[in-house]
Amino acid sequence: MVMHFYPSGEVASRRMSAYARVVASAGLDVFVVSAFGNAKLDKNAEISPGIYAVPVLAPTPLLIGRLVRL
């Protein structure tokens, strides 16, 4: 399942961001795996209270095309 996280331009990104805040407010740690628009973030940087970043490289268009064909 792909979830977009704010500041992504996708419409659902704000919903996922709000959902992550609700889960974090319940006392659970939330780890967001995203390219974060290629922003320079340290692994496990706290981007909001209880919400931690796990930055990854954005996939290349060639890789995405191959995955779609699978």
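How many bridges join E1 to strand E3, and do the two run parallel or antiparallel? The close-ups below, taken from a predicted model, begin with that pairing.

**View 1. Strands E1 and E3 side by side.** Strand E3 covers residues 51-55, and five bridges join E1 to E3. The two strands run parallel. To find one of these partnerships for yourself, look for Val32: its bridge partner in E3 is Ala53.

**View 2. The three-stranded sheet.** Step back a little and you meet an open sheet whose strands come in the order E1-E3-E2, with mixed pairing. Strands E1 (30-34) and E2 (46-48) each have a single partner strand, so they stand at the edges, with one side of each left without a neighbour in the sheet. Neighbouring strands here are turned by 40 degrees against each other on average, direction ignored.

**View 3. An aromatic pair across two strands.** Searching the whole structure turns up one aromatic pair. Its members are Phe31 and Tyr52, which are stacked, with 5.3 Å from centre to centre and 25 degrees between the planes. Because Phe31 belongs to strand E1 and Tyr52 to strand E3, the pair ties together parts that are 21 residues apart in sequence. Are the two residues buried or exposed? Phe31 counts as partly exposed, at 48% relative accessibility, whereas Tyr52 is buried, with a relative accessible area of 19%.

**View 4. A nonpolar patch on the surface.** Leu63, Leu67 and Leu70 make a nonpolar surface patch of about 360 Å². Take a look at Leu70, which lies in the segment after helix H2 (61-69). Leu70 has 85% relative accessibility, so it counts as exposed.

Definitions and conventions
Residues are numbered from 1 along each chain as its sequence is written. This is a predicted model: local features need pLDDT of at least 70, side-chain atom pairs count only at pLDDT 80 or more; totals for chains, interfaces and linings use all residues. Side-chain values use heavy atoms; hydrogens and water are left out. Two strands pair if DSSP finds at least two bridges between them. Helices (H or I, at least four residues) and strands (E, at least two) are DSSP runs, numbered from the N terminus. Axes are lines fitted to C-alpha atoms, for helices over the stretch in contact, and angles run from 0 to 180 degrees between N-to-C directions. Patches are made of residues with over 30% relative accessible area and no salt bridge: like charges are joined within 9 Å, nonpolar side chains (Val, Leu, Ile, Met, Phe, Trp, Tyr) within 5 Å. Accessible areas come from the Shrake-Rupley method with a 1.4 Å probe; for residues, only the protein chains shown count as cover. A salt bridge is a side-chain nitrogen of Lys or Arg within 4 Å of a carboxyl oxygen of Asp or Glu. Buried means under 20% relative accessible area, exposed over 50%, partly exposed in between (1.4 Å probe, protein chains only). Rings of Phe, Tyr and Trp (its six-membered ring) pair if their centres lie within 6.5 Å; planes under 30 degrees apart count as stacked, over 60 as edge-to-face and the rest as tilted.
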